[in-house]
Amino acid sequence: MELHFTGILIAVCTFLAIGMFHPLVIKTEYHTGTRYWWVFLLCGIACIVEACFMADVFWSSLTGVIGASFLWSIGELFAQKKRVEKGWFPMNPKRKNEYQTIDKNETLCPIHHGKSIYAIDDEN
C-alpha cells in the first residue's frame with residue numbers, strides 16, 4: 001500500500017498561509033489604512049493566474065490558496081478598519097482623521113444594514 005501525503009501537506013500549508021494573512025491584514029491597516037487594497041488584488045490575480053500554469057499539483061494548489069487569501073484579505077482589510085473604529089483593535093494615532101466613530105451596536109454584517117442583531121431586536 002502506497003501512502004500519499006500531498007493532500008495533508010496542502011492542508012497544513014493552507015492553514016499556515018491563512019494564519020500569515022491575519023496579522024498581515026492587521027499590520028497593513030494599522031500602518032497604511034485601506035489605500036493599498038489594490039496591491040492585494042494584483043497579487044491575488046497574479047497568484048491565481050500563475051497557479052493555472054504550474055504543472056505540479058502541490059505548488060499549483062499552494063499558489064492558488066495564496067492567491068485566494070490575497071483576494072479574501074481585501075474584504076478583511078475594510079472590515080479591519082471597522083473593527084478599529086469599534087475599538088476592538090488599536091488605532092494608529094498618526095491617521096486618526098481617517099477613522100469615524102461608529103455606534104457600538106453596529107455590526108460588520110451588510111445584511112442587517114449596519115445594525116447588530118441585538119439592536120434589531122430592541123427596535124421591535
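Me: Is F89 buried, partly exposed or exposed in this model?
Reply: Keep in mind that this is a predicted model. F89 sits in the loop between α3 and α4 (117-123). Its relative accessibility is 27%, and the middle class runs from 20% to 50%, so F89 counts as partly exposed.

Me: Which residues does F89 touch, leaving out those up to four places away in sequence?
Reply: One long-range hint first: F89 and Y30 are 59 residues apart along the chain, yet their C-alpha atoms are separated by 9.1 Å. For actual touching, we want heavy atoms within 4.5 Å. With sequence positions up to four away not counted, the partners of F89 are I26, Q80, R83 and V84.

Me: What about T34, is that one buried or exposed?
Reply: T34 is another loop residue, this time between α1 and α2. It touches L77, F78 and K81, again not counting residues up to four places away. The relative accessibility of T34 is 16%, and the cut-off for burial is under 20%, so T34 counts as buried.

Me: Which residue just after α1 takes a positive phi?
Reply: Look at the spot where α1 (6-32) has just ended. The phi there is about 75°, and the residue that takes it is G33.

Me: How does the reach of α1 from its first C-alpha to its last sit against what's expected?
Reply: Start with the length: α1 has 27 residues. At 1.5 Å a residue, the expected value is 39 Å. The model comes close to that, with a reach of 37 Å.

Me: Which elements are included in what covers the buried residues of α1?
Reply: The residues to be covered are I10, C13, A17, F21, V25, T28 and E29, the buried ones of α1. Their cover is a matter of contacts, and it includes α2 (37-52) and α3.

Me: Which element gives the largest share of the lining of the largest pocket?
Reply: The pocket has a volume of about 240 Å³. Of its 14 lining residues, the closest to the centre are I18, F21, H22, W72 and E76. Two elements give two or more residues to that lining, α1 (6-32) and α3 (57-85). The largest share, eight residues, comes from α3.

Me: By class, how many nonpolar residues are in that lining?
Reply: Let's take the other classes out of the way. The lining of the largest pocket has two charged and four polar residues. The nonpolar count is eight.

Me: How many disulfides does the count come to?
Reply: The test is a pair of cysteine sulfur atoms within 2.5 Å. Take C47, which is buried at 15% relative accessibility: the nearest cysteine sulfur, that of C43, is 6.5 Å away, and C47 is in no disulfide. Across the model, the count is zero.

Me: And C52, buried or exposed?
Reply: Exposed needs over 50% relative accessible area. C52 has 62%, so this cysteine counts as exposed.

Me: Zooming out, what pattern does the protein follow along the sequence?
Reply: The secondary structure comes to four helices and zero strands. Read in order, that gives α-α-α-α.

Me: What percentage of the contacts with a separation of 6 or more comes from residues 24 or more positions apart?
Reply: For context, the protein has 124 residues, and buried ones make up 31% of them. Among contacts with a separation of 6 or more, the pairs 24 or more positions apart account for 55%.

Definitions and conventions. Residues are numbered from 1 along each chain as its sequence is written. This is a predicted model: local features need pLDDT of at least 70, side-chain atom pairs count only at pLDDT 80 or more; totals for chains, interfaces and linings use all residues. Side-chain values use heavy atoms; hydrogens and water are left out. On a 1 Å grid over the protein atoms alone, a cavity is a set of points where a 1.4 Å probe fits but cannot get out, and a pocket is an open set with protein on both sides within 12 Å along at least five of seven lines; lining residues have an atom within 4 Å of a point. Grid points are joined across faces, edges and corners, and a volume is the space filled by probe spheres set on the points. Ala, Val, Leu, Ile, Met, Phe, Trp, Tyr, Cys and Pro count as nonpolar, Asp, Glu, Lys and Arg as charged, and the others, Gly among them, as polar. The expected span of a helix is 1.5 Å times one less than its number of residues. Buried means under 20% relative accessible area, exposed over 50%, partly exposed in between (1.4 Å probe, protein chains only).
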